[in-house]
Amino acid sequence: MSTKVRKSTNRKFQQHPLTVKTVEAWRANRYNFGSMIGELIDNSLDAEATAINITIEPDETENIQRIIISDDGKGMDDDLLFNSFTIGASREYAPRSKGKFGQGGTMSCLGLAAKKTTITSTGDGSPIIGRFYDMDIIRQEGTWGTRPYTDKTMARAYWQVNAIEEHHGTIIILDKLDKGNRRSASVITKIKHYTSTTFAEQIRYGNLQIQINGEPVTAACPVGSDHKSAIIKTETVNHDGKVIEIKMVDLTNVPLTHFNSTYASRHMVRDCGMYFSREDRLIASHIMEGDQGWKGAGHVRHPYVKRGRVLIRF
């Protein structure tokens, strides 16, 4: 670029559109089903939801066809709804908000669902409103964008079937799933495991209720400290005025069936390591990797730590 052009462009800020190639690049960085659901649950919790229903709908071959997530939160007005589809939208965040960057609720869905519809209401006589993205339309337009959901009859039908509270809340419908060839039963199992461990503390000690296809999700401590035979040592550290809790757990005497009926020794080895929890939400698990980690050189963990886990809460 010549000096003359630089001087010209520096005089006026010009916005560059998010092209369809950019959107396709985002879609290539796929979340898994559990992480996607986790991002949407975080948004529901930020909206003060205490009940979340997840529905996995199979097609005629028992492959996954549609996912519906409903909550009893405060709902969104038109501006918040629009911003929920804006990548990196700026808004006020409460100190304990799970989201900070305005990306997870949309970016997590993009890699798995080519269409996302959000239907919501704030109550107090406010109407049910909706908005959606559809990759078919985005490819036609050549840029990122959304449209209002104008089919009021269908919006009310979704609301009557899926709303937890009659007057307020949010419903998200994910269609055109790129991994639609996945067996619905397998996806349900993975989402149950993810939600039961990621939100274990909020389910067990808080007021969060999660259901998947009508079945309540029960809390499952990711480090196994909820078993009576677990050997636990807890230390606390003060850092910048905050208390960090370090819980060290020895699972030597804990049976494998405590985790699930198909849990094997290789899973115990896979899952040992360090776990991090922020604001009672698991954010990272068994991250000790590499030659300097618990896995060690040659990908063999030391026998003394194969049944060890450390939970760091802050």
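Me: Which residue in β6 does I119 stand opposite?
Reply: This is a predicted model. Strands β3 (residues 113–122) and β6 (residues 168–177) run antiparallel, joined by nine bridges. In β6, the residue opposite I119 is I171.

Me: Which strands stand at the edges of the sheet, and why is one side of each left without a neighbour?
Reply: The sheet is open and its pairing is mixed. Its eight strands follow the order β5-β4-β3-β6-β2-β1-β7-β8. Each edge strand has a single partner strand, so one side has no neighbour in the sheet. The edge strands are β5 (147–148) and β8 (215–216).

Me: At about what angle to β2 does α3 run?
Reply: Helix α3 lies across four strands: β1 (51–58), β2 (64–71), β6 and β7 (209–212). Relative to β2, the helix runs at about 20°.

Me: How many residues of α3 are buried?
Reply: Buried here means under 20% relative accessible area. Among the α3 residues that qualify are F33, M36, I37, L40, I41 and L45. D42 and S44 are buried too. The helix is largely enclosed by the rest of the structure, because the buried count is ten of the 14 residues.

Me: What distance does α3 reach from its first C-alpha to its last?
Reply: The helix covers residues 33–46, which is 14 residues. At 1.5 Å a residue, 20 Å is expected. The model comes close to that, with a reach of 20 Å.

Me: Which residue's side-chain oxygen reaches the backbone nitrogen of G34?
Reply: The contact lies at the start of α3. The oxygen comes to within 3.1 Å of that nitrogen. It belongs to N32.

Me: Which residue with a positive phi follows α3?
Reply: Look just past the helix. The phi there is near 65°. The residue is E48.

How values were computed: Residues numbered from 1 in each chain as written. Predicted model: local features only at pLDDT ≥ 70, side-chain atom pairs only at ≥ 80, totals over all residues. Heavy atoms only, no water. Helix = DSSP H or I, 4+ residues; strand = E, 2+ residues; numbered from the N terminus. Expected span 1.5 Å × (residues − 1). Buried < 20%, exposed > 50% of the residue type's maximum accessible area, 1.4 Å probe, protein only. Polar contact = N/O pair within 3.5 Å; in protein donor to acceptor, adjacent residues only side chain to side chain. Pairing = 2+ DSSP bridges. Contact = heavy atoms within 4.5 Å. Axes fitted to C-alpha atoms, helices over the stretch in contact; angles between N-to-C directions.
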